[in-house]
Amino acid sequence: MHRRRAVLAAILALCTLLAGSFPARAASDVLLGMNYPLTGPYSVEGLDQIRSARLAVDQINATGGILGRRVVLVPRDSGSDVLQTRLNVRELLDMGCRMIFGGASSDVALEASRLCRLAGVPFFATLAYSSPLTEEFGHRFVFRECNDAWMTARVLGPWLNEHFPNKRFFYITADYTWGWSTEGALRRNTGTEDVHTHPGLLTPLGSTDFVRELELARDAQPDVLVLVLFGKDMAYALEKAVEMGFPRFCQIVVPNLTLGMAERAGAANMQGVVGTTSWNWKVPALLGQRRGQAFVDEFMHRYRRYPSSPGASAYTIVYEFKAAAEAAGSLEAMDIIRALEGRTFHLLKDDQTWRALDHQDVQTVFLVRGNPPEKVLSDPLRLDYFEILDSRPGSQTVLSEEAWKAARIKAGQPPYLEPAEGARP
Amino acid sequence: MKAQEPAAHLPHGTFWRFLLISAVIAVATAAVAMAVAWVIGRNIVHGIQEEGSLTVLRSAVDLVGRTRVADEQTRTFYMEQRRESLRSTNDYTVSVLSTYVRQVRETGRNETEARATAMARLSEVTKSLPHQTFILDGQGSLVAHPDQERLGQSLLDFRDNEGQLVFQRLMDEARRARPGQSVFGLYPAINPNTLVLELKLVAARHFDPWNLTVCADMFMGDLEQDLIPRRLANLAELRARVQEIMVSKSGYILIMDENGAFISHPVLTGHSAGQLKDPASGRSMEDLFHEAAERPFGENRFRYRWERPDDRGDFSHEKIAWCVREPTTGWYVAATAYVEDVEAELPRLALSIFLPALGAILVLAGALALLFKNLLKPVRDLISVCLAVSRGELEVMAPEDVPGEMGFLSRHFNFMIRRLRGLRRKEERRRLDLEALNRELEKVVDVRTRALKRKAQNLEDVNRRLKELDRMKSAFLSSVSHELRTPLTSVLGFAKLISRDFANNFLPLAQDQDKLTQRGRRILDNLEIIRSEGERLTRLINDVLDLNKIESGRVDWHDAETDLALVVERAVAAVRGQFAENPALKLAVDVEPGLPLLRLDFDRMVQVFLNLLHNAAKFTSAGRVGVRVFRKDGFLRAEVSDTGVGVPAADRERIFDKFHQVRLGDTLREKPQGTGLGLAICRQIVERHGGRIWVESEEGQGSTFVLEIPLKAAPLEAAPVPEIIAEPVPRAEKALVLVADDEAAVNSYLTQLLEAQDLEVVQAFDGESAVKKAGAYQPDLVVMDIMMPGMDGRTAIALLRRDPRTANIPVMVVSALPDLAGMGGDAALQKPVDETAFIEAVNCLLNRGGSGKPVLALRRNGETVPGPFFALCPAESIVHCDESELWQRIDAGFEGTVLLPDWAVDRLDMRRLSSAKGIHLLILPERAQAEHPAEDKKT
């Protein structure tokens with residue numbers, strides 16, 4: 001009896017599992033594929049993305065879906081791995097997803113972008129700061145919701161120039177496209193291109209041990225330590241750096257900060273760390289933005305957390321897809337792309353524009369600094385990690401048209417986004 | 001007692017009413033408190049439950065998320081294991097290659113030979129390796145492969161199903177990778193075991209010394225297969241953990257996947273929720289969950305009816321569920337609780353809220369009752385004090401040692417009582433004083449009353465006496481007048497007789513003797529003085545009698561609609577002669593035209609104006625006399641002004657008194673004229689008509705007599721015009737006259753007069769004999785005195801009239817009595833008898849017409865002189881005329897008899913009439929039943 005029941009249970013479980021993997025859906029459902037890191041080095045960003053995306057989809061379904069069709073979110077864990085991404089995105093595309101988004105790694109984003117271009121499905125990079133994504137690898141199907149490395153550097157640069165002029169920098173950089181482009185942009189914007197005066201080290205993605213690099217950095221005695229690291233990597237490195245006493249003699253800069261990273265690094269380590277973020281849960285309140293605040297409130301109620309910038313990006317992407325589809329009155333890729341190109345919207349913060357030139361979301365970027373632990377802990381959710389120091393509108397920070405075209409030509413690409421040839425209808 | 005009853009019950013009533021109301025309020029409040037406690041408790045219970053459930057729900061969601069993470073991590077781990085195994089395979093291959101390279105470097109072995117040996121060996125070795133291992137040279141050609149046939153085959157052109165150059169890219173990446181690192185790729189291949197196109201994972205490592213790319217690959221399909229048990233284990237673990245969670249005693253967590261299948265449910269795991277329906281709403285459970293999950297968090301609850309795990313089949317239990325989607329899996333996670341469990345503690349909670357409230361209410365009500373009772377006690381005390389006070393017992397006092405407003409009230413009430421006491425004492429004293437005073441007063445009043453009574457008695461006596469005196473005075477006046485008139489008649493009559501006889505008989509005797517003539521003239525003068533003085537005396541007596549008549553109200557007033565203009569005209573006409581005598585005196589009359597008619601006694605009013613005009617003429621030697629009549633302020637005003645001596649201020653009122661005359665400067669030289677009764681009579685007349693009369697004067701400048709009569713509109717009365725029947729009766733030539741008068745002198749006088757007229761006279765000295773003689777002699781005329789001893793004249797006349805023999809004999813009354821009308825005579829003459837008038841009257845009565853003089857009869861308003869008098873007169877000789885015509889005729893030199901009705905006497909200017917030459921006046925009585933011979937005035 002017991003055995004029979006166990007067998008039955010196992011069969012049932014299997015069925016449900018399979019059903020969970022391939023849920024039976026109505027043909028009219030709008031599938032949104034999400035390739036995000038639930039595991040791996042950037043898992044902290046991935047969780048917020050899926051939470052926000054789920055929230056957005058639930059809200060949209062509660063209010064009638066997109067063009068009257070229910071929205072179904074199909075998430076896949078990438079683990080920030082390119083191969084897994086390839087598998088996931090292919091699967092998602094095969095399932096007929098109308099749009100792919102998510103991801104916390106530029107490599108993953110590039111891979112997804114590549115696959116989506118082939119499939120003729122729009123891809124929205126959610127957390128991919130690497131400049132090449134919209135430059136040499138840019139195409140009509142890829143959109144970047146977050147700021148790129150150049151925008152980061154244009155916000156961080158002036159502050160560093162003001163507070164640390166002619167000081168020595170030391171870069172520890174994740175060894176992939178994001179790290180390279182971020183370090184490059186930052187060097188250019190802080191005048192630290194000279195690698196002898198301002199040395200830099202590359203570390204592989206997913207590193208957990210930064211002792212060697214940090215020791216070298218300590219030996220160099222820089223005034224500014226730039227950790228071009230992300231996710232858990234950044235947390236490990238920062239922990240070690242603080243342990244090694246870097247904050248006592250130098251300013252630690254992490255170009256791209258998110259709430260999840262800060263949480264993982266810990267309030268004590270985060271204190272005084274300067275970086276940028278495209279969004280922060282305090283921004284709607286700061287701007288008096290009710291829509292954004294509603295998002296923050298609902299997220300807070302549901303998950304007992306504040307949403308982070310990747311979460312906000314995922315949320316924005318889902319809503320922008322809906323807005324574009326409804327503006328175009330169609331779910332066809334090219335219709336949506338055309339609807340998005342040049343579109344200015346206002347959702348969770350001030351105005352944002354999908355620049356038609358390179359599909360970069362031109363937006364305000366905030367300069368933030370880590371709060372002291374007591375400040376962090378005094379928050380009801382103990383998540384008040386950042387103090388907003390400054391903000392710069394996207395028009396001041398975004399890569400100029402000429403520079404973008406130059407970069408395209410240099411990479412052997414036409415100085416425009418190719419027409420969507422090969423697009424699948 | 002009756003008044004006390006409600007008052008005595010009031011305090012108790014108030015208290016019990018208060019208690020009752022308090023109880024009702026307390027019960028109502030308690031009920032409300034219970035309801036409120038229930039609602040609050042319910043909200044609290046549900047609020048707590050919701051908070052708890054949401055927290056549990058979050059934990060469950062977290063648990064599901066972690067399970068998914070664990071699944072993914074397992075997959076990653078498996079993947080990593082595969083990679084690691086490929087990587088280690090590559091590492092092994094590389095180490096083998098490295099051995100050969102070292103041999104070449106250290107032992108100088110031929111590199112080509114060594115490389116070929118290595119490839120051959122590796123190709124051999126890989127057959128025993130778990131993964132397929134192959135080596136590509138710099139050009140992408142297979143230099144080592146388990147399958148010898150494929151050696152030398154280039155993989156550079158190998159494209160996967162997307163057209164990607166998999167190996168070329170892999171070689172590039174491996175070349176760029178860090179030293180010792182493998183890069184991974186995927187490519188599709190047919191699994192020889194399953195004959196299915198599967199993805200193969202390939203790891204590539206660049207071997208720098210010989211520019212080789214070392215690769216190892218394996219089929220991926222195994223991975224999912226390997227993961228299934230792990231995932232099932234994770235799921236079982238999740239289910240076990242989730243089912244451990246209890247939501248509110250017997251509630252539970254359930255998990256439903258996107259297709260509506262229960263992942264975890266206490267009894268329905270594996271069932272589809274889409275087939276389950278909520279018995280209450282009839283909706284699919286799946287829909288309910290979906291709908292709730294999509295609502296904002298916190299509003300994601302719904303209620304439905306369900307069975308209990310311990311009570312299967314009974315779907316009457318209400319459940320409440322909170323549902324949310326797990327983000328990573330998209331599963332629906334719900335925390336469900338039975339409402340009965342949730343509300344299990346509600347009664348206790350409500351009681352815990354309600355009981356303290358009830359206690360507080362009871363304590364408060366009790367305290368209020370006590371307080372009110374205490375509050376009422378002083379009120380009750382005060383009420384008893386009030387009752388006592390209202391009964392008048394002021395000795396009681398309200399207790400003052402009460403706090404607050406009641407004390408204040410008591411103190412002030414006592415203050416009032418003390419005030420009342422003070423007032424009562426004062427009142428008592430005042431009462432005593434008043435009583436004493438009353439007694440005094442009673443005494444005084446008694447005394448005074450008695451005195452008053454005495455005085456009243458005296459006054460009454462005096463009044464009586466006065467009345468008596470007045471009556472006596474009137475009687476006296478009447479009798480005196482009568483008594484005076486009778487001798488006066490004799491005096492005047494004889495004086496005239498003597499004068500005539502003397503003049504006729506004696507004076508001619510002395511015609512040649514101047515002395516005698518002189519003496520005779522003096523005698524005649526003296527006789528004239530006697531006569532005139534006698535006439536004056538007669539007028540005085542008449543005036544006195546007239547006034548007396550008015551005062552005593554014995555005058556018959558003949559009010560009629562009268563035009564005052566006519567009155568004035570008549571009066572002015574009467575005095576015109578007087579004014580004519582004095583050329584220095586002017587008379588001006590100004591009467592406003594259109595004056596309304598007034599109800600007045602015409603004759604009396606004429607008398608008034610005559611009097612005033614006479615006075616004016618009398619006191620104005622030269623100057624002007626004016627009469628003005630006009631309307632003023634609802635009065636008709638008449639002014640008679642003169643420019644004479646004026647009236648001194650002191651006399652202005654007194655002149656209207658009786659017998660008062662203005663004293664002029666020289667009393668000796670200018671004796672008062674008139675009787676001094678004129679103005680008094682005027683005032684009496686005017687006031688009788690509701691008017692008033694006064695004088696405005698400035699001494700020496702003149703005076704104005706003003707009279708005002710109120711204007712009273714009165715309808716005109718058409719005066720009846722009586723028919724006049726004049727029957728001429730033939731009269732015998734021979735006549736016998738019976739003279740009856742007790743006074744021998746008068747009898748003799750009258751007899752002489754009649755005999756002088758060639759009439760036969762029979763004398764009688766009393767009424768009785770007069771009647772007898774009249775019967776015996778059958779005279780043609782009887783001259784009868786009234787006041788006679790024995791039978792008076794009146795009785796005698798009556799007897800005569802009764803006797804058929806004498807009934808038709810005319811009777812002329814000659815008496816000193818003032819009122820001769822009604823005596824029964826046919827004509828009347830008042831003593832003293834005017835000789836001429838007497839003869840005239842006798843002639844008239846005898847119808848002799850001896851003088852042959854014409855007769856004028858005055859008529860008024862067409863009313864002619866009535867009565868049988870005209871039978872005595874020759875009809876042809878009577879001319880009826882009105883007043884103005886009368887005067888015209890008189891002015892034109894008429895001589896003869898003028899018949900005047902009684903009313904005309906006061907109206908006509910008698911003075912002027914009497915002053916006219918050759919006129920005999922005969923005044924007829926009002927009613928012509930008896931003819932009275934009128935006064936005759938001869939001048």
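**Figure 1. Ile100(A) and its partner in the neighbouring strand.** In this predicted model, Ile100(A) has Phe123(A) of strand E4(A) as its bridge partner. Strand E4(A) covers residues 123-125, and it runs parallel to E3(A), with three bridges joining the two. To get from E3(A) to E4(A), the chain passes through helix H4(A), residues 106-119, in a right-handed β-α-β crossover. Turn next to strand E1(A), residues 30-36, which also pairs with E3(A) in the parallel sense, again over three bridges. Here it is Gly33(A) that stands opposite Ile100(A). The residues of E3(A), a strand spanning 99-102, alternate in direction: Met99(A) and Phe101(A) point one way, while Ile100(A) and Gly102(A) point the other way. All four of these residues are buried.

**Figure 2. The largest nonpolar core, seen around Leu32(A).** This core has 117 residues, and those touching the most other members are Leu32(A), Phe101(A), Leu225(A) and Met270(A). Helix H14(A), residues 309-328, is the element that gives the most to the core, with nine residues. Where does the core lie with respect to domain 1 and domain 2 of chain A? Both domain 1 (26-147 + 288-362 + 400-410) and domain 2 (150-281 + 364-397) give residues to the core, so it lies between them. As general background, nonpolar side chains in soluble globular proteins tend to be buried together. For a closer look, follow the contacts of Leu32(A), leaving aside neighbours within four places in sequence. They include Val57(A), and then Val71(A), Val72(A), Leu73(A) and Val74(A). Cys97(A), Met99(A) and Phe101(A) are also in contact with Leu32(A), as are Val318(A) and Phe321(A).

**Figure 3. Strand E14(A) between its pairing partners.** Strand E14(A) covers residues 365-370 and is mostly covered, with five of its six residues buried. It pairs with strand E10(A), residues 274-277, in the antiparallel sense over four bridges. Look for Thr277(A), which stands opposite Phe366(A) of E14(A). E14(A) also pairs with strand E15(A), residues 386-392, and this pairing is antiparallel too, over six bridges. Here Gly370(A) has Phe386(A) of E15(A) as its bridge partner.

**Figure 4. His198(A) in its loop.** His198(A) sits in the loop between helix H6(A) (177-190) and strand E7(A) (200-203). Is this loop residue buried or exposed? With a relative accessible area of 8%, His198(A) is buried. A polar atom of the His198(A) side chain lies 2.9 Å from the backbone nitrogen of Phe169(A). Not counting residues up to four places away in sequence, His198(A) touches Lys167(A), Arg168(A), Phe169(A) and Tyr171(A), and also Arg187(A), Gly191(A) and Thr192(A).

**Figure 5. Ala185(A) in helix H6(A).** Ala185(A) lies in helix H6(A) and is buried, at 5% relative accessibility. Beyond residues up to four places away in sequence, it touches Ala149(A), Trp150(A) and Ala153(A). Asp148(A) is 37 residues from Ala185(A) in sequence, and their C-alpha atoms are 9.8 Å apart in space.

**Figure 6. Two residues with positive phi.** Asn166(A) has a positive phi of about 55°, although it is not a glycine. It is placed in the loop between helix H5(A) (149-163) and strand E6(A) (169-174). At 81% relative accessibility, Asn166(A) is exposed. The companion view shows Arg304(A), another residue other than glycine, whose phi is positive and near 55°. Arg304(A) is found in the loop between helix H13(A) (290-303) and H14(A), and at 39% relative accessibility it is partly exposed.

**Figure 7. Asn611(B) in chain B.** Asn611(B) lies in helix H11(B), residues 602-619. At 17% relative accessibility, it counts as buried. Setting aside residues up to four places away in sequence, Asn611(B) touches Gly678(B), Leu679(B) and Cys682(B).

**Figure 8. Chain A as a backdrop.** To place the close-ups, chain A contains 18 helices and 15 strands. Of its 425 residues, 62% are buried. Among contacts in chain A with a separation of 6 or more, 70% come from residues 24 or more positions apart.

Conventions: Residues are numbered from 1 along each chain as its sequence is written. Chains are lettered from A and ligands numbered from 1 in the order in which they are written. This is a predicted model: local features need pLDDT of at least 70, side-chain atom pairs count only at pLDDT 80 or more; totals for chains, interfaces and linings use all residues. Side-chain values use heavy atoms; hydrogens and water are left out. A nonpolar core is a set of buried Ala, Val, Leu, Ile, Met, Phe, Trp, Tyr and Cys residues joined through side-chain atoms within 4.5 Å. Buried means under 20% relative accessible area, exposed over 50%, partly exposed in between (1.4 Å probe, protein chains only). Domain bounds come from an automatic or database domain assignment. Contact means heavy atoms within 4.5 Å. A polar contact is a pair of N or O atoms within 3.5 Å; within protein, one must be able to donate a hydrogen and the other to accept it, and residues adjacent in sequence count only if both atoms are side-chain atoms. Two strands pair if DSSP finds at least two bridges between them. A crossover is right-handed if, with the strands pointing away from the viewer, the path from the first strand over the helix to the second runs clockwise.
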